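The following exercises concern the fold, the interior and the aromatic contacts of one protein chain. Each task is followed by a solution in steps.

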Amino acid sequence: MAVKLKLTRYGSKKKPFYRVVAANAETRRDGRPLAFLGYYNPLTNPVDVKLDAEKVRKWLSLGAEPTDTVRSLIKQHLA
């Protein structure tokens with residue numbers, strides 16, 4: 001079972017809000033996640049990102065592969 005760190009979309013129409021989750025790679029975008037790792041709100045200025053560093057490092061050490069967007073969020077906010 002391949003695990004990915006990806007974004008799931010919440011919020012209403014034209015007001016997106018995303019949660020960063022660990023989920024099975026074959027799961028649909030808003031499917032059931034294995035764990036919640038944080039959130040990302042692109043509408044605020046500056047962008048609001050909150051990640052649980054301990055959980056993110058745990059999933060990365062277990063072999064989870066982040067998507068491109070999640071990889072950039074991790075680099076910007078956990079480095």
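A residue is called buried under 20% relative accessible area, exposed over 50%, and partly exposed in between (1.4 Å probe, protein chains only). Helices (H or I, at least four residues) and strands (E, at least two) are DSSP runs, numbered from the N terminus. The model is predicted: local features need pLDDT of at least 70, side-chain atom pairs count only at pLDDT 80 or more, and totals for chains, interfaces and linings use all residues. Residues are numbered from 1 along each chain as its sequence is written, and side-chain values use heavy atoms, with hydrogens and water left out.

**Exercise 1. The sheet**

Task: Determine the order of the strands in the open sheet and identify its edge strands.

Solution.
1. Two strands pair if DSSP finds at least two bridges between them.
2. The open sheet has five strands in the order β4-β3-β2-β1-β5, and its pairing is mixed.
3. Its edge strands are β4 (48-51) and β5 (65-66), each of which pairs on one side only.
4. Strand β2 (residues 15-24) pairs with β1 in the antiparallel sense over 10 bridges. Within this pairing, Leu5 has Ala22 of β2 as its bridge partner.
5. The pairing of β2 with β3 is also antiparallel, over five bridges; here Tyr18 has Tyr40 of β3 as its bridge partner.
6. β3 and β4 run antiparallel and are joined by four bridges, with Asn41 opposite Asp48 in β4. A hairpin of six residues connects β3 to β4.

**Exercise 2. The enclosed strand and the core**

Task: Explain why β3 is described as largely enclosed, and state which residues touch the most other members of the largest nonpolar core.

Solution.
1. β3 is largely enclosed by the rest of the structure because five of its seven residues are buried.
2. A nonpolar core is a set of buried Ala, Val, Leu, Ile, Met, Phe, Trp, Tyr and Cys residues joined through side-chain atoms within 4.5 Å. In soluble globular proteins, nonpolar side chains tend to be buried together.
3. The largest such core has 16 residues, of which Leu5, Ala22, Leu37 and Trp59 touch the most other members. The elements that give two or more residues to this core are β1, β2, β3, β4, α1 and α2.
4. Contact means heavy atoms within 4.5 Å. Not counting residues up to four places away in sequence, the contacts of Leu37 include Leu5, Ala22, Val56 and Trp59.
5. Leu37 also lies 9.0 Å from Glu54, C-alpha to C-alpha, and the two are 17 residues apart in sequence. Glu54 belongs to helix α1 (residues 53-61) and is exposed, with a relative accessible area of 67%.

**Exercise 3. A buried threonine**

Task: Decide whether Thr8 is buried or exposed, and list its contacts.

Solution.
1. Thr8 is part of strand β1 (residues 3-12).
2. Its relative accessibility is 4%, so Thr8 counts as buried.
3. Leaving aside residues up to four places away in sequence, Thr8 touches Phe17, Tyr18, Arg19, Val21, Arg29 and Asp30.

**Exercise 4. The aromatic rings**

Task: State how many aromatic pairs the structure holds, and classify each by its geometry.

Solution.
1. Rings of Phe, Tyr and Trp (its six-membered ring) pair if their centres lie within 6.5 Å; planes under 30 degrees apart count as stacked, over 60 as edge-to-face and the rest as tilted.
2. The structure holds two aromatic pairs.
3. The ring centres of Phe17 and Tyr39 are 5.7 Å apart and their planes stand at 25°, so this pair is stacked. Phe17 lies in strand β2 and Tyr39 in strand β3, so the pair ties together parts that are 22 residues apart in sequence.
4. Phe17 is partly exposed at 28% relative accessible area, and Tyr39 is partly exposed at 28%.
5. The rings of Tyr18 and Tyr40 have centres 6.0 Å apart and planes at 25°, so this pair is stacked. Tyr40 counts as buried, at 17% relative accessibility.

**Exercise 5. A charge over rings**

Task: Identify the rings over which Arg19 lies.

Solution.
1. A charge sits over a ring if NZ of Lys or CZ of Arg is within 6 Å of the ring centre and within 35 degrees of the ring normal.
2. The charged end of Arg19 sits over the ring of Tyr10, 4.8 Å from its centre.
3. Arg19 also lies over the face of Phe36, at 4.7 Å from the ring centre.
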